[in-house]
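Student: I'd like to learn how to read a model like this one feature by feature. Could you walk me through it?

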Amino acid sequence: MEMLPDEVLLMVLEELGDARDILACRLVCKRLAALALHPAVWRDFYFGSTDPRCVCPVMRLVPCIDSIDAQLPEKGCRQWAYATTRCAAKSLRLRVDGAGQAVYAAAIISRHEALGRLIDVDIEIRATVVTDVTVLLGTLASTINLKKLFVYLNPEAEGTSTTAPILGGLVVTPSLREFDCNLVPLTERFVKSILSQHAATLEEVDLGGSASSLTCTSAAPLLAAVTNLTKLTCCCLPGMEALTACKSLEVLEITVHAESLNQPAVAGVAKLLRRAEQLREVSLEYAPAVRSLADFGAELVSALASSGRSRVETLRINNYRHDTDYVGDCPLPQLLVSALPSLSALRCLSLEIDGAQRDAFLLAIRPDLAPALQRVEVWVFDGCGHAWIHGDTVKAVLSVNPSLHLILDVLERVCKDDERCQACELDCHAELRVDRAGRTWSFPSVYSHDPLDECPEDHIGDSSELWIHLPF
């Protein structure tokens, strides 16, 4: 062993995997005692809430680990060990379930911030009564060197709140790149603090799609000041037309709520879609679904195409109705067909609507309407997916659009063995049933290309998709 360099011994220690085995090597000799505590051995180590091992020896002896996943309150000594350790974690994932646990979460965060390695924090506060929530949010807002921050607060939570600023005048050096926090009354001042303090570095912001954030009038101007914002996920916030000036914004994901106070905010989003030529990807989710042209948000599809200068390449629309008793036609497919000639850059389209309208929309697609369109993703909730790909709609669509790829997502990919339809009786496309490991595939793809043709460039290597050839 004396002939082996330290690098080789470190690789051996890394392969041991179990903390007890690694620490036991400290008893072999002085050299292994030192190497067993080397940062390289522990940098990928992880502690989770379901891990039966005692964490105290590791937290007391080793210099660092990759991540901690704690469910507060923790049993035994764990909670104390995480908050007093000298072992620096790079990532913290904390779930706060009990009343009064927010202050312990704040202590854990502060400790690992002081150790100097923390860059990623994920906090989920599930409790309906949360004490000291302001302390926890203030700690997060003042934590330095974070790159990613995820905060979820139960929308029904009640907790302590003050009128004082979250940061209390403290200036934090901008560092965050990704920020995800549901915008509710208890988090509004916290969100404003984060957006203002990290405006120079933020790239992706997700404020959720909750209707409880519709009254927040200050978020949109702050978002517009985020210098490098590339992706935004939120509901229709008041004043979102200000984001037209954010030239880096390429991905916009909007949830539209049917609330009376949402009408001015929807109008602002429509202005943004008309003016923001920088957008490359847009997602619209309706809650509840649009049923008529008078519903909030129905005009957003038309607004996207009205300027005639849209550079959107990917468009996703989620308008699936779960209330099966409703009888009527959704206007979105017709609006989208009318908009297609103005969406000249559109390459990928995802449309989640009911069966009859789904098929009618697909049949309306022609190369002259959407010359750049390569992929259309559809959902089949109303029967066997295998039967649908053998149906007249798929044949007609692919014969008219030979360069189009249909991406299929279904509840039932094939029929059950004792209820097999005519298509399943043919026993073709066995790949729809299972993959090589015996699992059902999630996203099979249907297309009419020559078998030697390649799939679209932006999805090469996507292991979640199965490419099926249907030469008609």
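Tutor: Sure, and let's start with the labels: helices (at least four residues) and strands (at least two) are DSSP runs, numbered from the N terminus. Keep in mind that this is a predicted model.

Student: How many helices and strands are there in the chain?

Tutor: The chain has 17 helices and 18 strands. Of its 472 residues, 48% are buried. Among contacts with a separation of 6 or more, 70% are between residues 24 or more positions apart. The accessible surface is about 21900 Å², and carbon and sulfur atoms supply 53% of that.

Student: Let's zoom in on a strand. Where do the side chains go?

Tutor: In a regular strand, side chains alternate between the two faces of the sheet. Strand E8, residues 178-181, shows this alternation. Phe179 and Cys181 point to one face and are buried, while Glu178 and Asp180 point to the other and are not.

Student: Which strands pair with E8, and in what sense?

Tutor: E6 (residues 148-153) pairs with E8 in the parallel sense, over four bridges. In that pairing, Val151 stands opposite Cys181 of E8. E8 and strand E9 (residues 204-206) also run parallel, joined by three bridges. Glu178 has Glu204 of E9 as its bridge partner. To get from E8 to E9, the chain passes through helix H9 (residues 188-197), and this β-α-β crossover is right-handed.

Student: Now for the backbone oddities. Which residues are joined by cis peptide bonds?

Tutor: Look at omega for these. Leu72 and Pro73 are joined by a cis peptide bond, with omega at about 5°. Pro73 sits in the loop between strand E2 (64-72) and helix H6 (78-84). Another cis bond links Ala287 to Pro288, with omega at about 0°. Pro288 is in a loop too, between strand E12 (281-287) and helix H12 (300-306).

Student: What about phi of Asn145?

Tutor: Phi there is near 70°, a positive value in a residue other than glycine. Asn145 belongs to the loop between helix H8 (133-142) and E6.

Student: Why does Asn145 count as partly exposed?

Tutor: Because its relative accessibility is 46%, and partly exposed covers what lies between the buried cut-off, under 20%, and the exposed one, over 50%.

Student: On to charges. What should I look for?

Tutor: Side chains of opposite charge can pair when their charged atoms come close. Taking a side-chain nitrogen of Lys or Arg within 4 Å of a carboxyl oxygen of Asp or Glu as the rule, the count comes to 13 salt bridges.

Student: How far apart are the closest N and O atoms of Asp18 and Arg20?

Tutor: They are 3.4 Å apart, in a salt bridge. Arg20 counts as exposed, because its relative accessibility is 61%.

Student: And Arg358 with Asp359: are they buried or exposed?

Tutor: Both are buried. Their side chains meet in a salt bridge at 2.9 Å, N to O.

Student: Is the Glu124 side of things buried or exposed?

Tutor: Glu124 is buried, because its relative accessible area is 19%. Its side chain meets that of Arg126 in a salt bridge, 3.2 Å from N to O. Arg126, at 36% relative accessibility, counts as partly exposed. Salt bridges that share partners tie both of them into one network with Asp69, Arg93, Arg95, Asp97 and Asp122.

Student: Back to E12 for a moment. Which residues does Ser283 touch?

Tutor: Leaving out residues up to four places away in sequence, Ser283 touches Leu252, Glu253, Ile254 and Arg316. Ser283 is in strand E12 and is buried, with a relative accessible area of 13%.

Student: Last one, on the surface. Which residues form a nonpolar patch there?

Tutor: Leu4, Val8 and Val12 do, with about 210 Å² of accessible area together. Val12 lies in helix H1, residues 6-16.

Student: Why can Val12 be part of a patch when it is partly exposed?

Tutor: Patch residues need over 30% relative accessible area, and Val12 has 47%, so it clears that cut-off while still counting as partly exposed.

Key. Residues numbered from 1 in each chain as written. Predicted model: local features only at pLDDT ≥ 70, side-chain atom pairs only at ≥ 80, totals over all residues. Heavy atoms only, no water. Patch = residues over 30% accessible without salt bridge, like charges linked within 9 Å, V, L, I, M, F, W, Y side chains within 5 Å. Areas by Shrake-Rupley, 256 points an atom, 1.4 Å probe, with all protein chains shown as cover. Buried < 20%, exposed > 50% of the residue type's maximum accessible area, 1.4 Å probe, protein only. Pairing = 2+ DSSP bridges. Right-handed = clockwise from strand over helix to strand, strands pointing away. Contact = heavy atoms within 4.5 Å.
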